[in-house]
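Biologist: Please take a close look at one part of this model for me. Walk me through how that part is built and what lies against it.

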Amino acid sequence: MTTSTTPPAQPAQPSASAVDRSGETPAVHVEGLWKIFGPRADKIMASEDSQLSRKELQEKTGHVVGVRDVSFDVAPGEVFVVMGLSGSGKSTLVRLLTRLIEPTAGVIELFGEDITAMSERDLLETRRRKVSMVFQHFGLLPHRKVVDNIAFGLEVRGEHKGERRNRAQEMIDLVGLSGYENNFPDQLSGGMQQRVGLARALAANPEIMMFDEPFSALDPLIRRDMQIEVIRLHEEVGKTMVFITHDLAEALKLGDRILIMRDGAVVQMGTPDEVVGAPADDYVRDFVSDVPKSHVLTLKWVMRQPNGQELDGPVLQSDQIVRDAARAVLDHHGPCRVVEGDKLVGVVDDQDILRVVVAEDED
Amino acid sequence: MATTTLPPGGPPASTTSKEQQPYVELGRKRHTGWKLLGVLVFWLVCYQLWKGEWTKALGFQDTTELHDKFNEARDWVQLEGQDNWFFGGVLGWIGDSLTSLVEFFQELISIPAFPRPVPEIGWLGVIAIAVWVTYVIAGVRSTILVTLAMLSFGVVGLWPDSMDTLIITLLSVVFCIVIGIPVGILMARNKVASAGITPVLDLMQTVPAFCYLAPLALFFGIGAGTAVILTFIYALPPVVRITEHGIRSVSSTTIEAAESMGLTRRQMLQQVQLPMAKRTIVVGINQCTMAALSMATIAALVNGPGLGKPVVAALQIQNVGAASVAGLAIVAMAIMLDRTTTAASERGANRGRSNVASVSGPGVMLSGVVLEHLPRWATEEAGKGQRRPRLTTAGRWLINGALFIPVVIAIVLSRQRVNLADFPDVSDTPVLKWFSGPELTKSINDFTDWFVSHVDSFTIALKDDVTNWILNPFQDLLAESPWWTMAIVLLAVAAILGGWRPTVITAVCLGIIYATGLWHDSMVTLSMTLIATALVMLIAVVLGVAMGRNRKADVSIRPFLDAFQTIPPFVYLVPALALFTASRFTAIVAAMAYAVPIATKLVADGIRGVSPTTVEAARANGATAWQMITKVQLPMSREALVLATNQGLLYVLSMVVIGGMVGGGSLGYIVVSGFSQVELFGKGLAAGIAIAAMGVMLDRIARYAAARYGR
């Protein structure tokens, strides 16, 4: 594994897709966010103790650090994945964003609006109209029919029955539950219940959707269906999404960018190929060791410097996934050019490709 | 955690691991057995040396200064209290309004409403209303049971008394709901309120029902109003508790999901917490109703109207037949109320998704036909996979409304025709006449006489043996020892079993008992309570082990236990009296009958709860059935055993004092006498206080012992 990838010339450069829109207000802006659980959190925050490790702090004061000095931006329309093992603080983090849990310190802005300073009234309004959440265990109301569950958010914010029924029906059709409007949640399978959860979140027509390990409780095949569903919905409605998961494959599949957490702190943040190609430490390396790298890495990560020789054969883009480029390179029997736009940035031959593909088997 | 030392070569300190290292348990012997033996030796020595001295025995008609003070207080309340703003004003107003409220309902359904010779609504109308209400809240099946139960009240000739009991019970339940549910909601949403109210509820549930009688009689006088208040107070804790529990146990994911949608606290309560806790709350109402019924019958002692009165009257002249008839009517009412409220709670779970009703066979076809002919707004598709449409809320009320029409007709008829108003005497009707009150009384008396005369050689021998060999020596040991010996013994037992906390509580309770001047009587009651509890636990362990180990035994025994538990304690006195006539042993038998079901169930659940893996492992090791029980199942269900003992103690105590009415003597009898003899009122009140103190003391010792040994 350690020998299989060469660090790229310019590490951690944001990928082209969604992020690099400087100047635009980020959908989510988080800076120096802290959460310490316990009755004297504020005091600890102000004292030296906040520098202690999670374990030391718990032994010394009984307080637990949930989130430690986290900062990130999410661009509008981006799918931002937060991942980590259980207990790493990722679920706490997503709850801090709408103050379902009160942060101890730090700044949270959603489309430029400061959440931390908001009045109770405005906060409710934000939760009702701007942000919606999908939960691991669905959180459906068992005493309401599917359609009433989906319309619940609209009902809460005071929309008329006709309007909300229409909107709920649209959402039912969108997530593929047509015909089940009048069933009760416990008459549906787990996957279908989560579709209800998804429709409920979409019904409010929020600007940002947050997913807290939404598919962890589902069977693998159902989970794959639901992931495809989320990708489809993202293409159709184009919402900003913050997605929590402990499943790396899911993170790589869905995320434009991935934030990896451990003990409440950020370990690494980057695009999927950056995380796999240049893990920040052993923790991340351990995480990504099982990932089929040829499915994630782009040519940028395997190419070598051009040594000036004349090249013929196919011209490949540097952001092409290795797996997709493999056929062309292997067919060519010789170095192929890798370009970024029109500029030649490297060459790649069958050795480079095989190193990535074969290394997977060695792991 | 800070003092943790890792064993040498322990797991590497992984920084990601959140698992805590257990501290090393140092084997610390408590020597409980030796200490208790020491206490016993001390006790026996003191008993031998000073038997019969310093016993604080008090003659039955003798009173102490405190008792006279209570009498004076009672006299003051009765004579001058009327002018006092608090006693005459507030309490008097409450009592009077409740009494007139009860009278209003009595005139409506049970007693002649002047100038009419009969109540406003006759029996036919009442039954029609009851059936309709049952249908609406509990479904078709329960209506049959309600109809039969209601008819049986009339047939045995106890219609007015039954209606009175129903009025007192339901009125109290309504008050409990109106007050208890908001309090429960408050406790679920406010930690301070919960912490403040929970101990009060604990106390209310620890103190036997009998203790409420005298103080309430002091404040509110005797009569229907007091009966309602008494019943209300006794039945309130379950509603509050279960409401709090129901709201608290709404899944946190749902709460969080609702929070993320921006619900206000009010919306959260109305649209999420209450609907989801509804079913649990209905269970609470069921418990409340059963408690209310049992207290409504006991309220006869403070002159509350209802079925308790014929029972008390019959018990006093030892007329088993008459007591049985009224007792059976109480049982019928208990079953009726229990089944109805249980069905209502089961239905609460499927609210809105069942079809017209839970009916089978022809009923299904009929409901299908009805559904198809309803207007469009009354039904809706029930969703994929559901064959028939279901009713909307509006549709349900359409049907309920239509069914109310015959009810109205029945009410009108029952107002116009005397034989539909006053329940007709059935003593000349074929077949039914066998069930008329006097006839039934006579046959039960005949049967009892016949039965008892055939078994009395056995029952009397049993009674005498137990009395002479167990009851008397043990009672002597407790009651004839010097009072300070007993105090030391009880304090020492509390300290050994539970530590210093229950010892302090025991000291306070013993102080109260001493102050009431009823030490000797209290010790007699205590001895009966302890013996009955020991017997209860013996039976409970045998039955419980059988039930826990054997499904068949469980399936065949459990329904009886369930049935026994719905019967108000009062009723248990009747068969016990029939078999053993009036004696202390009779009270013990009644107490056992009352406490065995709950204790058995707890033991059985404990045995069943032993991990199957452990049982399997023991079997793989070749344990015999006996070894399995004594070395695996009983030790592992220790917590359940201790809990069963605790509950058994409280149930037995509450029943032993009620047993004062059938020759149990001591504290219970003093309480009852306090109502019949004017000059003993103060003593009765003091006895009530002593019972309360004893209940708290026993409960605390058992609870702290449970915390220490129950793990």
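The annotated span of chain A and its partner

Modeller: Residues 52-288 of chain A are 43% helix and 22% strand, and the end C-alpha atoms of this span lie 28 Å apart. Helices (H or I, at least four residues) and strands (E, at least two) are DSSP runs, numbered from the N terminus. The model is predicted: local features need pLDDT of at least 70, side-chain atom pairs count only at pLDDT 80 or more, and totals for chains, interfaces and linings use all residues. Residues are numbered from 1 along each chain as its sequence is written, while chains are lettered from A and ligands numbered from 1 in the order in which they are written.

The span comes from a record. An unreviewed UniProt entry places "domain: ABC transporter" at residues 52-288 of chain A. UniProt positions follow the numbering used here, feature names are shortened, and annotations may be inferred rather than shown by experiment.

Start with the six-stranded sheet. This open sheet of chain A runs E6-E7-E8-E3-E9-E10, with mixed pairing. Strands pair if DSSP finds at least two bridges between them. E6 and E10 of chain A are the edge strands, and each pairs on one side only. From one strand to the next, the twist averages 20 degrees.

Look at one edge of that sheet. Strand E9 (residues 257-262) and strand E10 (residues 265-270) of chain A run antiparallel, joined by five bridges. These two strands make a hairpin with two residues between them. A:Asp263 sits in the turn, with a positive phi of about 50 degrees. Opposite A:Met261, in E10(A), is A:Val266. A:Ile260 faces A:Gln268 in E10(A).

Helix H3 of chain A packs on this sheet. It touches strand E3 (79-83), strand E7 (208-212), strand E8 (240-245) and E9 of chain A. Contact means that C-beta atoms, placed from the backbone, lie within 7 Å. The direction of H3(A) makes about 150 degrees with that of E8(A). Axes are lines fitted to C-alpha atoms, for helices over the stretch in contact, and angles run from 0 to 180 degrees between N-to-C directions.

Now the four-stranded sheet. It is open and antiparallel, with the order E2-E1-E4-E5 in chain A. Strand E2 (64-74) and strand E5 (113-114) of chain A stand at the edges. Each has a single partner strand, so one side of each is left without a neighbour in the sheet. Further in, strand E1 (residues 28-37) of chain A is joined by five bridges to strand E4 (residues 105-110) of chain A, and the two run antiparallel. A:Val28 has A:Leu110 in E4(A) as its bridge partner.

H3(A), residues 90-97, packs on this sheet too, touching E1, E2 and E4 of chain A. Its direction makes about 60 degrees with that of E2(A). H3(A) thus touches strands of the four-stranded sheet and of the six-stranded sheet.

Next, the partner chain. 28 residues of chain A are in contact with 26 residues of chain B. On the chain B side, helix H10 (252-260) and helix H11 (265-298) each supply at least two residues. H10(B) gives the largest share, six residues. By class, that side of chain B has nine nonpolar, nine polar and eight charged residues. Ala, Val, Leu, Ile, Met, Phe, Trp, Tyr, Cys and Pro count as nonpolar, Asp, Glu, Lys and Arg as charged, and the others, Gly among them, as polar.

H10(B) deserves a closer look. Its buried residues are B:Ala257, B:Ala258, B:Glu259 and B:Ser260. Buried means 20 or more other C-beta atoms within 10 Å of a residue's own, exposed 12 or fewer, and partly exposed in between. The cover over these residues includes helix H4 (120-129) and strand E6 (131-134) of chain A, together with H11 of chain B. E6(A) is also an edge strand of the six-stranded sheet. Just after H10(B), B:Gly262 takes a positive phi of about 85 degrees.

Finally, follow H11 of chain B to B:Ala291. B:Ala291 is buried because 24 other C-beta atoms lie within 10 Å. Leaving out residues up to four places away in sequence, B:Ala291 touches B:Tyr234, B:Ala235 and B:Pro238. An unreviewed UniProt entry has "domain: ABC transmembrane type-1" at residues 162-341 and 522-702 of chain B. Residues 162-341 of chain B are 86% helix and 0% strand, with end C-alpha atoms 18 Å apart.

Note on methods. Contact = placed C-beta atoms within 7 Å.
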